[in-house]
Amino acid sequence: MDGEVRVVSNPIVDVRFTSTISSFEVKRRFNRGISIAELKEKLEMVVGSPASCMDLELFSVNDTFLQKMDDNEALLGSYPVDDDCRIHVNDRSGGQLGEFTDVSKVEKFELSDDAYEKRTDTARSFIKKQGLGRFNEEKMAKKKAENAAREEEQKAAADAISVGNRCKVQVPGQPTKIGTVMFVGTADFKPGYWVGVKYDEPLGKHDGSVDGKRYFECQNKYGAFVKPQNVTVGDFPEEDYGLDEI
């Protein structure tokens with residue numbers, strides 16, 4: 001059968017879908033042998049519109065409008081549908097754009113803490129039965145005692161330091177720094193006791209203020225807060241680096 005021309009078409013086509021009630025584009029694969037009515041039924045779960053309320057429009061790969069797909073009895077393959085063409089679904093049910101994606105409109109299930117506490121099928125109930133985390137009374141009591149002891153240790157160390165003391169600061173992993181104590185006590189930025197130091201060199205982090213609250217005055221990058229245990233007070237004279245020498 002020389003000279004005969006045969007057109008071979010893939011029975012499956014990959015099509016892009018958009019709709020008037022969703023801002024998302026999805027891609028699905030369909031058989032060209034299904035009818036437009038069957039296609040609409042399959043699209044109900046894709047775009048959220050009833051099949052009876054769909055009007056379909058076919059666009060090319062380049063999103064150029066080709067034609068309406070208004071014959072429900074016609075086969076999908078009877079239309080010039082190629083891979084990556086776009087079929088746009090116009091919804092006539094009254095649905096609004098974003099209706100199925102705006103979670104703020106979804107009614108939330110809420111359960112009070114008291115009601116949640118009474119349930120036996122929750123993660124909290126399981127953790128409580130197993131004595132884990134904050135429900136481990138022995139562990140929590142031990143942790144509370146350790147925190148109290150640590151705070152007492154910090155307070156005792158802080159009580160031995162006074163504003164105006166010369167000091168040496170030794171923080172693990174950092175070089176030793178010399179400076180003057182400018183603040184001793186508790187602060188708003190973190191719990192516990194803190195010592196504010198004005199270093200002799202610009203080795204600090206700020207100018208004596210943290211999160212908008214001023215604790216002492218110094219030049220920027222000369223101030224720092226450290227734990228009392230890292231501070232040793234004593235006769236640490238400010239070194240003369242000879243900056244005035246020529």
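**View 1. Phe-126 and the nonpolar patch around it.** At 49% relative accessibility, Phe-126 counts as partly exposed, since exposed would require over 50%. In this predicted model, Phe-126 belongs to helix α3, which covers residues 123–130. Together with Ile-127 and Leu-132, Phe-126 makes a nonpolar surface patch of about 260 Å².

**View 2. The open sheet and its edges.** Five strands form an open sheet in the order β2-β1-β5-β3-β4, and their pairing is mixed. Because β2 (22–31) and β4 (65–68) stand at the edges and have a single partner strand each, one side of each is left without a neighbour in the sheet. From one strand to the next, the twist averages 30°. Helix α1, made of residues 36–47, packs on this sheet and touches β1 (12–19), β2, β3 and β5 (85–91), while its direction makes about 100° with that of β3.

**View 3. The pairing of β3 with β4.** Strands of a sheet pair through backbone hydrogen bonds, in either a parallel or an antiparallel sense. Here β3, residues 54–59, pairs with β4 in the antiparallel sense over 3 bridges, and Phe-59 stands opposite Phe-65 in β4.

**View 4. Two loop residues with positive phi.** Most residues other than glycine have a negative phi. Asp-63, in the loop between β3 and β4, nevertheless has a positive phi of about 65°, and at 37% relative accessibility this residue counts as partly exposed. Asp-84, found in the loop between β4 and β5, also has a positive phi, of about 75°, although it is not a glycine; with 32% relative accessibility, Asp-84 counts as partly exposed.

Key. Residues are numbered from 1 along each chain as its sequence is written. This is a predicted model: local features need pLDDT of at least 70, side-chain atom pairs count only at pLDDT 80 or more; totals for chains, interfaces and linings use all residues. Side-chain values use heavy atoms; hydrogens and water are left out. Two strands pair if DSSP finds at least two bridges between them. Helices (H or I, at least four residues) and strands (E, at least two) are DSSP runs, numbered from the N terminus. Axes are lines fitted to C-alpha atoms, for helices over the stretch in contact, and angles run from 0 to 180 degrees between N-to-C directions. Contact means heavy atoms within 4.5 Å. Patches are made of residues with over 30% relative accessible area and no salt bridge: like charges are joined within 9 Å, nonpolar side chains (Val, Leu, Ile, Met, Phe, Trp, Tyr) within 5 Å. Accessible areas come from the Shrake-Rupley method with a 1.4 Å probe; for residues, only the protein chains shown count as cover. A salt bridge is a side-chain nitrogen of Lys or Arg within 4 Å of a carboxyl oxygen of Asp or Glu. Buried means under 20% relative accessible area, exposed over 50%, partly exposed in between (1.4 Å probe, protein chains only).
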